[in-house]
Amino acid sequence: MSDSDSKESFLVSDYDLYGSIDEEANNYAMRSFDGVTKNNSLRSSFDGDTDILTQSSSSGRNSLLFKSNGVSRLKSCQSVCTLNQLMEYISLTIVAIVLMLIIGIGKEGFQSPALCEDGNKSSICDLQVSMKRGAIQYQVLAAFILGGFVLSSVDMWRQRRHAYVLLCNTTRNLIMNIGALVHSNDAARHTMIRWVVLAFELSVLKARGSLETKCANDYLTALHLLESDERATFIHHNENSTVYWWILAKAEILTKEEHITGESLKILSREITRCREAGNDLMSRYDKDQPRPYCVICAALVNLNLLLTSLSKGLEWGVLFRDSKGSILSEPNIYVEIFILFTYNMIFAMLFDLCSALYNPFGARPIDLPHSRISGDIRRFACEVGANKVPSTMHNEKVSQQKMSLRVEEKDAMRLAKLENEISSRININRRTSMLMRPGLPILE
């Protein structure tokens, strides 16, 4: 394929991706990760919020004792927690209820004397007191440790989102520089811009763990980002760096051919280097991951706290059940305590599970980065810059009839103030009745 054909294919195909979303394209986007098949209409397959290149395996927790497994995988749940997680959260509450019934009923039923009457205290009473004291000690310690752990997990999440935003900005900067500096060779300009978008997509695919899959190859091919033998010449584990090397090498060739100046080469070299640094490893485990021993210690502390708290409550309820001969079941107090225990266990466990839920922000969940939309915006920008579409005033050397001053006249001040007020009033923070009950971001009306 010639450079001119490549240019035409890239520009047309990218505009086609923003056509109307038909049913066939939506079905394609909803197919499973390993089940990508042929599609006759790839115009809008990768438009919209659905992302077929996100691994959907849920990390979960392999053990109720240690909840530190699987933090490096992507979570696919679209809600607060999955059904499996909910069952884990409720399991310890069920253990406490079962323990209450075992102690309360026992072999002799209600005919036996009360467990904790004065002068007739059972060893279970001493065990219940010791368990309660231990639970209180772990609750205090776990609260401090878990607070720091949550802050660290949220900070790691922010760092990875910031790295993605930095990559988007440096990608746009490089596209802009290539479009402005490589102006005498249309084919070379388009090829270099296509490579910039290719390197950007490769960086995100690497962060998603999907770089070496067939689906990733189909995705890049459908966007017309791969041509000829480019895929075969990637350096393994350095695919995005390879493409940035191509761009720099192409710029050197254009400098020798006097299509760009030496100063332009320096500018492009600096921007290419920044892009490579920003997108080298968005999911770097060497400088962003939580230390494994730290996760294990926090997991053990959280689980011991939940276990001791649940057992302590089970023993307490069992003693009350036995002493009251089962009458506590007819009172609302026991059900309130069961509800409190369940919500305490669930919220405490969910706070720790943030480690895995926020680990990778490149998924398809509502809390993840909207890569489909952002990538589409970058591709559209690349197409416009590659086509070298500029306003007519770019080459108009005549003085504009409009005033050169940006000073606002008095007669326009009131009109501008009204327009500014109308624009700013679109952000309605008070639309949500309560941030406590309905947390979220301000809504644009």
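**Figure 1. Overview of the chain and its buried share.** Of the 445 residues in the chain, 42% are buried, where buried means under 20% relative accessible area, exposed over 50%, and partly exposed in between (1.4 Å probe, protein chains only). The model is predicted, so local features need pLDDT of at least 70 and side-chain atom pairs count only at pLDDT 80 or more, while totals for chains, interfaces and linings use all residues. Residues are numbered from 1 along each chain as its sequence is written, and side-chain values use heavy atoms, with hydrogens and water left out. The secondary structure comprises twelve helices and four strands; helices (H or I, at least four residues) and strands (E, at least two) are DSSP runs numbered from the N terminus. The accessible surface of the chain is about 25200 Å², and 58% of this belongs to carbon and sulfur atoms; areas come from the Shrake-Rupley method with a 1.4 Å probe, and for residues only the protein chains shown count as cover. Among contacts (heavy atoms within 4.5 Å) between residues at least 6 apart in sequence, 74% join residues at least 24 apart.

**Figure 2. Arg365 in the loop between helix 10 and helix 11.** Helix 10 spans 332–357 and helix 11 spans 371–386. Arg365 is buried, at a relative accessible area of 6%. A polar atom of the Arg365 side chain lies 2.7 Å from the backbone oxygen of Ala357. The Arg365 side chain also makes a polar contact with the side chain of Asp368, at 2.8 Å. A polar contact is a pair of N or O atoms within 3.5 Å; within protein, one must be able to donate a hydrogen and the other to accept it, and residues adjacent in sequence count only if both atoms are side-chain atoms.

**Figure 3. A nonpolar surface patch that includes Ile90.** The patch is formed by Leu83, Leu86, Met87, Ile90, Ile94, Val98 and Ile102, which together have about 620 Å² of accessible area. Ile90 lies in helix 3, residues 83–105, and is partly exposed at 30% relative accessibility. Patches are made of residues with over 30% relative accessible area and no salt bridge; like charges are joined within 9 Å, and nonpolar side chains (Val, Leu, Ile, Met, Phe, Trp, Tyr) within 5 Å.

**Figure 4. Salt bridges within helix 5 and helix 8.** Side chains of opposite charge can pair when their charged atoms come close. A salt bridge is a side-chain nitrogen of Lys or Arg within 4 Å of a carboxyl oxygen of Asp or Glu, and by this rule the count is 14. In helix 5 (residues 186–207), Asp186 and Arg189 are three residues apart and therefore separated by about one helical turn. Their side chains meet in a salt bridge of 2.9 Å, N to O. Asp186 is partly exposed at 37%, whereas Arg189 is buried at 1% relative accessibility. In helix 8 (residues 262–279), Glu271 and Arg274 are likewise three residues apart, about one turn of the helix, and their side chains form a salt bridge of 3.3 Å, N to O. Here the acidic partner, Glu271, is buried with a relative accessible area of 9%, and Arg274 is partly exposed at 44%.

**Figure 5. The Lys288–Asp287 pair and a salt-bridge network.** The side chains of Lys288 and Asp287 meet in a salt bridge of 3.9 Å, N to O. Lys288 is buried, with a relative accessible area of 18%, while Asp287 is exposed, with 57%. Arg160, Arg285 and Asp289 are linked in a network of salt bridges.

**Figure 6. Cysteines without a disulfide.** A search of the whole structure finds zero disulfides, a disulfide being a pair of cysteine sulfur atoms within 2.5 Å. For the sulfur of Cys355, the closest cysteine sulfur is that of Cys295, at 4.3 Å, which is too far for a bond. Cys355 is buried, with a relative accessible area of 3%. Cys168 is buried as well, with 4%.

**Figure 7. Positive phi at His224 and Asn388.** Most residues other than glycine have a negative phi. His224 has a positive phi near 60° and is placed in the loop between helix 6 (214–222) and helix 7 (239–256). Asn388, also not a glycine, has a positive phi of about 60°. Asn388 is in the loop between helix 11 and helix 12 (410–424). Relative accessible area is 31% for His224, which is partly exposed; Asn388, at 39%, is partly exposed too.
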